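Visitor: I should like to understand how the terms applied to this model follow from their cut-offs. Could you take me through them one by one?

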Amino acid sequence: MTASADALSFASVAELGALLRSGDVNAVALAELALARLNTVGRGLNAVVTLTPDTALAQAARADAELRAGIDRGPLHGIPYGAKDLLAARGYPTSWGAAPFRNQVFDRDAAVVERMAAAGAVLTGKLAMVELAGGFGYEQPDAAFTGPGRNAWDRERWAGGSSSGSGAAVGAGCVPLAIGSETWGSIVVPAAFNGVTGFRPTYGLVSRRGAMALSWTMDKIGPLAHTAVDCQIALAAIAGPDREDVSTLGRPPFQPDTRRSGFRFARMASVESGTEPHVAAHFDEALQVFREIGSIDEVTLPDLPFDAAATIVLSAEAAAAFEEFVGTEEADGLTAVENRVGLIDALAIPATDYLRALRVRRKAMQAMDALLQGFDALLAPGYLTVASGIGERFGEEQNDVESRTIGGAANLCGLPGLTLPAGPGRDGLPTAVGLTGRVDADAAVLAAGAAFQERTSWHRQFPPVKFHEESADTSRREPK
Amino acid sequence: MLADETSGDREMAVDTRLQLALARAGRQLDDDQRRIVRSRIERQLEMAHLVRAVPLAHDDEPAHEFSPSHGLAGAGETPRL
């Protein structure tokens, strides 16, 4: 290996692929580096549940042998990655982030783990998450048996949830790519807080077989990486029909969009209340960049109770999915006190309320589709604030039942979403810009993100050297 | 017109749902836990109120799909509790 470990730690998937093919680095060396950083930096951030060295080194050795033999599986060949610990990996524990399930082992890989392997990617670890994907009503970051997810930029800040480890591990340069999941905010928030790029695919584009079910009609699986191009590479590998996940049937195959200009964007007439000044300022700067690659029209979110409908759907489905667990003594083993009685309330949601929420959902889908028709993406701040403190309880705004947010609307309606780093905000922490597309506009959203990142360098800024030297005796590479 | 559980009969609606939830969970809760569950039920009712306020026609169907089939290969192999 001739490239330095520091230079490799924050390299993108595309850059690592070029080094692998030029012979400047090999897959085993990349796997060993990722395993070492996950074990030091990653564990220091509570981002790791289980390392998978046997699988990683075997997959990496095979990747090297294949490249030597002229067999190239594509852009993920030999690339290390981590998987959120709600994805089954044969023979390893799959804890769902929760102590009562910490010894659970499945005898078959999740569909996305299978597809990543088929694409030549190297599984280096199972990454930490908020217990049971946050569906039990947690109210503060200390809600995982691995400890509160710490932020890649500041250990005293939260990594976001529920894909905490996926966001932190990529942000801190442990792996160039991670697979997370989102029911409502669980990819885009950790991506925003850790200064990485995160993509939530259209519902049904990626198989959920072998993933923990929280909400059958809202769960999505997607990548977190340094760039939109890397997310596109990962999505191309994991998207596609699966007869064992009926939500995937009928979705068109993913085809990348190569456009880098000529986009049509929408933005909401006003940013959501509670947006921090730094976040709003960076959002305005980002809009200038988006104007270079397309047009921007103002739109207004339809007057529908997106958040309320999404909460009812999610709660009722989660209570059904965990009916044998909710309220049992086993649930007392959950880390967050408030989660131990989580979803008991949802056991009493009448079927008529659930069905009414689903009827309103159809109205919402129609309204959002009409709103986004003719646009490649709707632009909004990626999150209203920078990462909160590791010991802080969440704000009251999270309990505002009357709110109508793009996150609630997007997840209720199954829309794709991309979060891009947008520059440092309060206390030097990352801010983000978010893109939301129509159903099946995944490729357009990713292309717009790639075009944005060709004109900005926020995605090439990494956590301060001091932090890594102090926390794990490692250092970062300098941004290009 | 749907009854509005957020006004007149709100307390009764909350208490009824709380009793149902506790019966289904099948366990005793301490006062703090009971307060958490009760507060979540209050919030649940407020959200239901918002959703019920959306006008719907008789033929507005739920956004879920049912496809009769002969079953799918591998069904039942996904991780379950």
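**Terms and values**

Guide: A:H459 is found in the loop between α13 (442-454) and α14 (465-472) of chain A, where helices (H or I, at least four residues) and strands (E, at least two) are DSSP runs numbered from the N terminus. This is a predicted model, in which local features need pLDDT of at least 70 and side-chain atom pairs count only at pLDDT 80 or more, while totals for chains, interfaces and linings use all residues. Residues are numbered from 1 along each chain as its sequence is written, chains are lettered from A and ligands numbered from 1 in the order in which they are written, and side-chain values use heavy atoms, with hydrogens and water left out.

Visitor: Why is A:H459 called buried?

Guide: Buried means under 20% relative accessible area, exposed over 50%, and partly exposed in between (1.4 Å probe, protein chains only). A:H459 has 8% relative accessibility, so the residue counts as buried.

Visitor: Which residues is A:H459 in contact with, leaving aside neighbours within four places in sequence?

Guide: Contact means heavy atoms within 4.5 Å. On that rule A:H459 is in contact with A:H226, A:T227, A:P421 and A:Q453.

Visitor: What makes α6(A) largely enclosed by the rest of the structure?

Guide: Eight of the eight residues of α6(A) are buried, so the helix is largely enclosed. The buried residues pack against α3 (27-44), β2 (80-84), β3 (122-127), β4 (177-182), α7 (188-194) and β6 (220-225) of chain A. A:V170 lies in this helix, residues 164-171, and its relative accessible area is 0%, therefore A:V170 is buried. Not counting residues up to four places away in sequence, A:V170 touches several residues, including A:V196, A:L224 and A:H226. The C-alpha atoms of A:V170 and A:S9 are separated by 9.3 Å, although these residues are 161 apart along the chain. Just after α6(A), A:G173 takes a positive phi of about 70°.

Visitor: Why does the pair of A:F290 and A:F452 tie together parts that are far apart in sequence, and what makes the pair stacked?

Guide: Rings of Phe, Tyr and Trp (its six-membered ring) pair if their centres lie within 6.5 Å; planes under 30 degrees apart count as stacked, over 60 as edge-to-face and the rest as tilted. A:F290 and A:F452 are 4.7 Å centre to centre with 15° between the planes, and the pair is stacked. A:F290 lies in helix α9 (residues 277-293) and A:F452 in helix α13 of chain A, so the pair ties together parts that are 162 residues apart in sequence. A:F290 is buried at 0%, and A:F452 counts as buried at 1%. The whole structure holds 16 aromatic pairs over all chains.

Visitor: How do you know that A:K363 forms a salt bridge with B:D60?

Guide: A salt bridge is a side-chain nitrogen of Lys or Arg within 4 Å of a carboxyl oxygen of Asp or Glu. The closest N and O atoms of A:K363 and B:D60 are 3.2 Å apart, and the pair forms a salt bridge. The rule finds five salt bridges across the interface of chain B and chain A.

Visitor: How many residues does each chain give to the contact, and what area do the chains bury?

Guide: Chain B gives 41 residues and chain A gives 52 residues. Buried area is the accessible area (1.4 Å probe) that two parts lose on being put together, summed over both. For chain B and chain A this is about 4100 Å², 63% of it on carbon and sulfur atoms.
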